[in-house]
Amino acid sequence: MTTLKTSQIVSYLLTILLLAVVYAMVGRLALLLAIPPGYVTAIFPSAGIAVATLLIWGWRLAPGVFLGSLTLNLWVSLEQGVIDSTGLSVAL
């Protein structure tokens, strides 16, 4: 059984957090290209970031993609109004 050092755990968590922030910010910038009132855009670079990250570093960074997507979807829901249980379930 392998034991992880504290520095490895912190590095892993910071990598997940960085991926989530980058995913959400790039996704938000891509949604600025959408034609109002919809949220459909021809290009969505966050999807490419997610795929490339998982192909290069593996499934262990999937929580970062999930958190980034959740953050972006909640951000969009918040712009529409108050987030209720329906908005939260759609974001999840």
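Helices here are DSSP runs of H or I, at least four residues long, numbered from the N terminus. With that settled, let's go. This is a predicted model, so please keep that in mind throughout.

The overall picture comes first. The protein chain has 4 helices and 0 strands. From the N terminus, the order of elements is α-α-α-α. The C-alpha trace spans about 50 × 30 × 15 Å along its principal axes. There are 92 residues, and buried ones make up 26% of them. The chain exposes about 6500 Å². Carbon and sulfur atoms supply 74% of that exposed area. Now contacts. Take those with a sequence separation of 6 or more: residues 24 or more positions apart account for 58% of them.

Next, the surface. Which residues make the nonpolar patch? Val 10, Leu 14, Leu 17, Val 21, Met 25 and Trp 75. The patch covers about 540 Å². Helix α1, residues 6-31, gives the largest share, with 5 residues. Leu 14 is one of the patch residues, and its place is in helix α1. Is Leu 14 buried or exposed? Exposed, because its relative accessible area is 52% and the cut-off for exposed is over 50%.

Stay on helix α1, but move to Tyr 23, which is found there. Tyr 23 counts as buried, because its relative accessibility is 9% and buried means under 20%. Look at its partners. Leaving aside neighbours within four places in sequence, Tyr 23 is in contact with Phe 44, Ser 46, Ala 47, Ala 50, Val 65, Gly 68, Ser 69 and Leu 72. Thr 71 is worth a glance too. Tyr 23 and Thr 71 are 48 residues apart in sequence, yet 8.9 Å apart in space, C-alpha to C-alpha.

How many aromatic pairs does a search of the whole structure find? The search gives 1. The pair is Tyr 23 with Phe 44, ring centres 6.4 Å apart and planes at 80°. Why edge-to-face? Because the planes stand at 80°, and over 60 degrees counts as edge-to-face. The pair links distant parts of the chain, 21 residues apart. Tyr 23 is in helix α1, and Phe 44 is in the loop between α1 and α2. Burial of the two rings' residues: Tyr 23 is buried at 9%, while Phe 44 is partly exposed at 29%.

Now Ser 46, one of the Tyr 23 contacts. Ser 46 has its place in helix α2, residues 45-57. Its relative accessible area is 0%, so Ser 46 is buried. Beyond residues up to four places away in sequence, Ser 46 touches Tyr 23, Val 26 and Gly 27.

Another Tyr 23 contact is Leu 72. Leu 72 is in helix α3. Leu 72 is buried, with a relative accessible area of 4%. Set aside the neighbours within four places, and Leu 72 is in contact with Tyr 23, Ala 24, Gly 27, Arg 28, Leu 31 and Phe 44. So what about Ile 9? The C-alpha atoms of Leu 72 and Ile 9 are separated by 25 Å, and the two residues are 63 apart along the chain.

Last topic: charge. Side chains of opposite charge can pair when their charged atoms come close. How many salt bridges are there by this rule? The count comes to 1. Glu 79 forms a salt bridge with Arg 28, and the closest N and O atoms are 2.9 Å apart. Glu 79 lies in helix α3, residues 62-80, and Arg 28 in helix α1, so the pair ties together parts 51 residues apart in sequence. Burial again. Arg 28 counts as buried at 16% relative accessibility. Glu 79 is partly exposed, at 40% relative accessible area.

Arg 28 has another partner to show. Its charged end sits over the ring of Trp 75, 5.6 Å from the ring centre. Trp 75 also belongs to the nonpolar patch.

To recap on three residues. Tyr 23 is in the aromatic pair with Phe 44 and touches both Ser 46 and Leu 72. Leu 72 also contacts Arg 28. Arg 28 forms the salt bridge with Glu 79 and sits with its charged end over Trp 75. That's the tour. Thanks, everyone.

Notes:
Residues are numbered from 1 along each chain as its sequence is written. This is a predicted model: local features need pLDDT of at least 70, side-chain atom pairs count only at pLDDT 80 or more; totals for chains, interfaces and linings use all residues. Side-chain values use heavy atoms; hydrogens and water are left out. Patches are made of residues with over 30% relative accessible area and no salt bridge: like charges are joined within 9 Å, nonpolar side chains (Val, Leu, Ile, Met, Phe, Trp, Tyr) within 5 Å. Accessible areas come from the Shrake-Rupley method with a 1.4 Å probe; for residues, only the protein chains shown count as cover. A salt bridge is a side-chain nitrogen of Lys or Arg within 4 Å of a carboxyl oxygen of Asp or Glu. Helices (H or I, at least four residues) and strands (E, at least two) are DSSP runs, numbered from the N terminus. Buried means under 20% relative accessible area, exposed over 50%, partly exposed in between (1.4 Å probe, protein chains only). Contact means heavy atoms within 4.5 Å. Rings of Phe, Tyr and Trp (its six-membered ring) pair if their centres lie within 6.5 Å; planes under 30 degrees apart count as stacked, over 60 as edge-to-face and the rest as tilted. A charge sits over a ring if NZ of Lys or CZ of Arg is within 6 Å of the ring centre and within 35 degrees of the ring normal.
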